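Hi,

Here is the structure I promised to pass on. Have a look at it first, and then read my notes below.

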Amino acid sequence: MTKRNAPQGFATRAIHHAYDPQDNEGALTPPLHLTSTFTFETAQAGGEMFAGDRVGHIYSRISNPTCDLLEQRIATLEGAEAGLALASGMGGITATLWTLLSPGDELIVDKTLYGCTFAFMQHGLAKWGVTITHVDMTNIENLRAAVSDKTRVVYFETPANPNMAILDIRAIAETAHQNGALVAVDNTFASPINQKPLELGADLVLHSATKYLGGHSDLTAGALMTFASLAKPVVAWRKNLGQLIAPETAALLSRSLRTLPLRVRQHNENAMAVAQAMEQHPKVTKVHYPGLPSFEGHDLAKQQMTGFGGMLSIEVDGGQQAAEKVADSLKVFLLATSLGGVESLVSQPSATSHHGLSRE
Ligand code: PLP
């Protein structure tokens with residue numbers, strides 16, 4: 001805890017929340033607890049911890065003080081009751097969906113998804129007896145027609161990777177909830193600074209923390225923000241799946257969160273400048289950026305986002321070959337598949353992040 005009890009804004013919480021240097025010999029930066037296991041005061045105390053009758057750390061695949069602090073900060077970023085830190089974005093997605101879904105359940109997902117999420121659903125969850133239904137949720141009527149009492153979870157990204165499609169979080173949440181389904185949003189492309197899906201009715205928010213939250217292309221991590229009642233079973237499964245973030249990575253990610261508001265503000269500004277320049281370019285046929293008035297999701301983005309993020313995609317005349325030439329010719333943008341770091345990157349989704357999808 002900080003010394004001051006005054007209400008704290010987002011940027012202040014990202015720096016001070018849940019940590020008092022005076023509890024740690026005055027260390028301004030929270031310590032890194034580099035230990036795989038924890039000693040018990042007595043054999044009886046150890047038994048009580050395993051039984052859940054005593055609070056404390058047992059083993060760093062289950063919990064660790066460095067990870068705990070990060071998780072408290074992750075929760076506060078989106079005003080959630082609970083925050084979880086995981087080994088990767090995919091670790092968060094898989095642990096969450098594995099926990100929530102059982103054989104026979106239906107998962108409704110949007111038609112635009114990050115490639116590995118798509119692959120996990122098609123080749124992992126489907127094999128396990130979960131029905132995966134793809135719906136174009138840019139039209140809410142499609143979801144209304146598809147959802148039923150078999151639907152356990154409705155899952156989507158907004159903005160979606162890679163075409164930046166904007167989906168109406170509030171309308172989707174209302175439709176899903178009327179049918180008793182939970183709503184999970186991958187908020188990676190927006191960041192918690194630009195969009196807070198829980199405030200718009202979502203039940204679970206997932207992030208690839210590898211991206212904006214980490215922000216320096218030097219770590220792999222995931223985050224989940226949700227209600228305490230939903231977090232509890234995910235925590236239990238995460239232990240068995242081995243998906244808790246490592247303490248070293250947790251310390252790095254806590255460091256990164258301190259500058260998240262500043263970095264995302266600059267991402268928003270830079271991407272808007274690039275999008276506007278691309279829109280003027282004679283050989284660019286389409287620019288997908290939620291901040292451009294010409295983009296089809298712009299009005300909705302303005303309602304549910306406070307900034308439009310650092311990601312944009314473009315279409316160029318001349319197909320795949322022309323696109324490759326553009327990517328190879330850039331001077332500052334580096335060819336790599338990730339986002340949200342301080343470097344500017346370029347990638348062709350069809351050949352990289354989305355190569356596992358069919359041509360259609
Ligand atoms: N969700 C989205 C939208 C992504 O773009 C990615 C990765 O690019 C992931 C999830 C997976 O995250 P990670 O690479 O941290 O596992």
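Let me start with the ligand. An oxygen atom of the ligand sits 3.0 Å from an N or O atom in the side chain of Lys211, which makes a polar contact (a pair of N or O atoms within 3.5 Å; within protein, one must be able to donate a hydrogen and the other to accept it, and residues adjacent in sequence count only if both atoms are side-chain atoms). On its own the ligand exposes 390 Å², and the protein buries 91% of that (areas by the Shrake-Rupley method with a 1.4 Å probe; for residues, only the protein chains shown count as cover).

Before going on, two notes on the source. This is a predicted model, in which local features need pLDDT of at least 70 and side-chain atom pairs count only at pLDDT 80 or more, while totals for chains, interfaces and linings use all residues. Residues are numbered from 1 along each chain as its sequence is written, and side-chain values use heavy atoms, with hydrogens and water left out.

Back to the ligand's surroundings. The side chain of Ser208 has an N or O atom 2.8 Å from an oxygen atom of the ligand, and a backbone N or O atom of Gly89 is 2.9 Å from a ligand oxygen atom. There are 14 residues around the ligand, and Gly89, Met90, Asp186, Ser208 and Thr210 come nearest (a residue is near if one of its heavy atoms lies within 4 Å). Helix H4 (residues 89-100) gives the largest share of this shell, three residues (helices, H or I, of at least four residues and strands, E, of at least two are DSSP runs, numbered from the N terminus). By class, the shell has five nonpolar, six polar and three charged residues (Ala, Val, Leu, Ile, Met, Phe, Trp, Tyr, Cys and Pro count as nonpolar, Asp, Glu, Lys and Arg as charged, the others, Gly among them, as polar).

Next, a pocket. The second largest pocket has a volume of about 700 Å³, and of its 25 lining residues Ile62, Ser63, Asp68, Val235 and Arg238 are the closest to its centre. A pocket here is an open set of points on a 1 Å grid over the protein atoms alone, where a 1.4 Å probe fits, with protein on both sides within 12 Å along at least five of seven lines; lining residues have an atom within 4 Å of a point. Points are joined across faces, edges and corners, and the volume is the space filled by probe spheres set on them. Helix H9 (228-241) supplies the largest share of the lining, six residues.

Arg238 also turns up in a salt bridge with Glu71 (2.8 Å, N to O). Glu71 lies in helix H3 and Arg238 in helix H9, so the pair ties together parts that are 167 residues apart in sequence. The whole structure has five salt bridges (a side-chain nitrogen of Lys or Arg within 4 Å of a carboxyl oxygen of Asp or Glu).

Last, some backbone details. Cis peptide bonds join Thr158 to Pro159, with omega about -10°, and Asn161 to Pro162, with omega near 10°. Pro159 lies in the loop between strand E4 (151-157) and helix H7 (169-178).

Cheers
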